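Student: I would like to go through this model with you and ask, at each step, what the terms rest on.

Tutor: Gladly; here it is.

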Amino acid sequence: MSLLNSIYDVLLRSFGSQGWWPILSRAGQRGFDSKGYHKGAYDCLDEDDLFEVCIGAILTQNTSWKNVERALAVLRDEGLLSIERIASASESDIGRAIRSAGYYNQKAKKLKAFARSVLDEYGSLSSLFSSKNAREFLLSIWGIGPETADSMLLYAGGWPVFVVDAYTKRICSRLGICSSKASYDELQSMFHSAIERRPSIYNEYHALLVRLAKSYCVKGVPDCKSCPLSDVCSFNRSKH
């Protein structure tokens, strides 16, 4: 078993299923907890849920998830939490609704560009994610880079693509399994080569790394003593 597989097993035993990506509009419904998390359920989303995941992936750029939750709540309350409504709404109305997510004028343009592009080219998100060209198409839309596109593909589209973010790079470089200067593609290829290409595994693995980064492997001084990966961590060993 590879080190990356062992790490996944340790994190899953330590933290359990994370239920990511949370769907705020489904909070409290059957299969969803009070914050919209759906632990262990990976194929329970409808078309509106897919859109909520996708706009969440855009809104979370350069901000915390709590700020995104506030923005999604306002979009929901104002009836803007659908691809058709975002496509037809003005950028100023969208911007006011998502102010809590920061960079709201820029993100309003991104949301509108995304919604209109999908509707014009595919008609629906389900059709988009059924296309073999979905990733290429997403990356062609202004404001969508590899991390955002892959978040949409994995969590909304059910594609077997691993999402790489700053947490992934921080943890892997401290573990000693990649360079701190490793590129997005290099890190993604490392996971694709080592881990079975199953969306449910990639879903949990990425969410578990986020949990680890927020709980123990923080940006400043990490809590190596309590970290479940302390035994295999180069950074921790270097301290002794």
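Tutor: Across the interface of domain 1 and domain 2, 0 salt bridges are found. This is a predicted model, in which local features need pLDDT of at least 70 and side-chain atom pairs pLDDT 80 or more, while totals for chains, interfaces and linings use all residues. Residues are numbered from 1 along each chain as its sequence is written, and side-chain values use heavy atoms, without hydrogens or water.

Student: What makes a salt bridge here?

Tutor: A side-chain nitrogen of Lys or Arg must lie within 4 Å of a carboxyl oxygen of Asp or Glu, and across this interface the count by that rule is 0.

Student: Which parts of the chain are domain 1 and domain 2?

Tutor: Domain 1 is 3-16 + 162-238 and domain 2 is 47-156, with bounds that come from an automatic or database domain assignment.

Student: How do you know that domain 1 and domain 2 are in contact?

Tutor: Contact means heavy atoms within 4.5 Å, and 11 residues of domain 1 meet that rule with 7 residues of domain 2.

Student: What area is buried between domain 1 and domain 2?

Tutor: Buried area is the accessible area (1.4 Å probe) that two parts lose on being put together, summed over both; here that is about 700 Å², with 60% from carbon and sulfur atoms. On the domain 1 side, Val163, Tyr184 and Asn203 lose the most area to domain 2, together 56% of what that side buries.
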